[in-house]
Amino acid sequence: QVHLVESGGGLAQAGGSLRLSCDASGRTFSNYAMGWFRQAPGKEREFIASITWNGFTRRYTDSAKGRFTISRDNARNTVYLQMTSLKPEDTAVYYCAAKASILNNYAPLDVREFNYWGQGIQVTVSS
């Protein structure tokens with residue numbers, strides 16, 4: 001079992017920045033690829049970014065490219081999502097997720113691939 005807890009959300013103005021963190025516990029963090037998703041009211045959960053167990057490969061959805069950066073610190077059991085140039089349409093509940101992925105250089109992107117999820121954290125961007 002992997003327990004994931006997101007932090008760092010809140011209110012930001014359009015054009016501003018936020019950094020989300022996701023702290024993992026329970027299993028060896030470096031055995032997992034990690035991802036960030038978001039879900040706006042009335043919409044399906046959508047992929048934002050993912051990163052392989054070693055950080056060598058990162059994948060982004062088109063709306064995140066150039067604005068968001070996913071990174072991880074295996075010594076701290078933490079994955080981050082640095083968000084810049086925020087837009088009101090970025091408003092959503094953001095979730096981190098983990099996929100068992102030992103020595104695999106594939107960065108997953110489908111919600112069905114992930115084994116564990118955090119409880120989510122609200123990000124609100126005002127115009």
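Select cysteine 22 and cysteine 96 to begin: in this predicted model, a disulfide joins the two residues, with an S to S distance of 1.9 Å. The count of disulfides comes to one. Viewed along the S-S bond, the link of cysteine 22 and cysteine 96 is right-handed, with 40 degrees about that bond.

Next, colour the strands that hold the two cysteines. Cysteine 22 belongs to strand S3, residues 18-25, and cysteine 96 to strand S9, residues 92-100, so the disulfide ties together parts that lie 74 residues apart in sequence. Are these two cysteines buried or exposed? Both cysteine 22 and cysteine 96 are buried.

Keep cysteine 96 displayed and add glutamate 6, which lies in strand S1, residues 3-7. The side chain of glutamate 6 reaches the backbone nitrogen of cysteine 96 at 2.9 Å. Now add glycine 120: its backbone nitrogen lies 3.0 Å from a polar atom of the glutamate 6 side chain.

Then select arginine 45. Which partner of opposite charge does glutamate 6 have nearest to its side chain, and how far away is it? That residue is arginine 45, at 7.5 Å; glutamate 6 is buried yet has no salt bridge.

Finally, show the surroundings of glutamate 6. Leaving aside residues up to four places away in sequence, glutamate 6 touches both cysteines of the disulfide, Cys22 and Cys96, together with Ser21, Trp36, Tyr94 and Tyr95. Its contacts also include Gly118, Gln119, Gly120 and Ile121.

How values were computed: Residues are numbered from 1 along each chain as its sequence is written. This is a predicted model: local features need pLDDT of at least 70, side-chain atom pairs count only at pLDDT 80 or more; totals for chains, interfaces and linings use all residues. Side-chain values use heavy atoms; hydrogens and water are left out. A disulfide is a pair of cysteine sulfur atoms within 2.5 Å. Helices (H or I, at least four residues) and strands (E, at least two) are DSSP runs, numbered from the N terminus. Buried means under 20% relative accessible area, exposed over 50%, partly exposed in between (1.4 Å probe, protein chains only). Lys and Arg count as positive and Asp and Glu as negative; His and the chain ends are not counted. A salt bridge is a side-chain nitrogen of Lys or Arg within 4 Å of a carboxyl oxygen of Asp or Glu. A polar contact is a pair of N or O atoms within 3.5 Å; within protein, one must be able to donate a hydrogen and the other to accept it, and residues adjacent in sequence count only if both atoms are side-chain atoms. Contact means heavy atoms within 4.5 Å.
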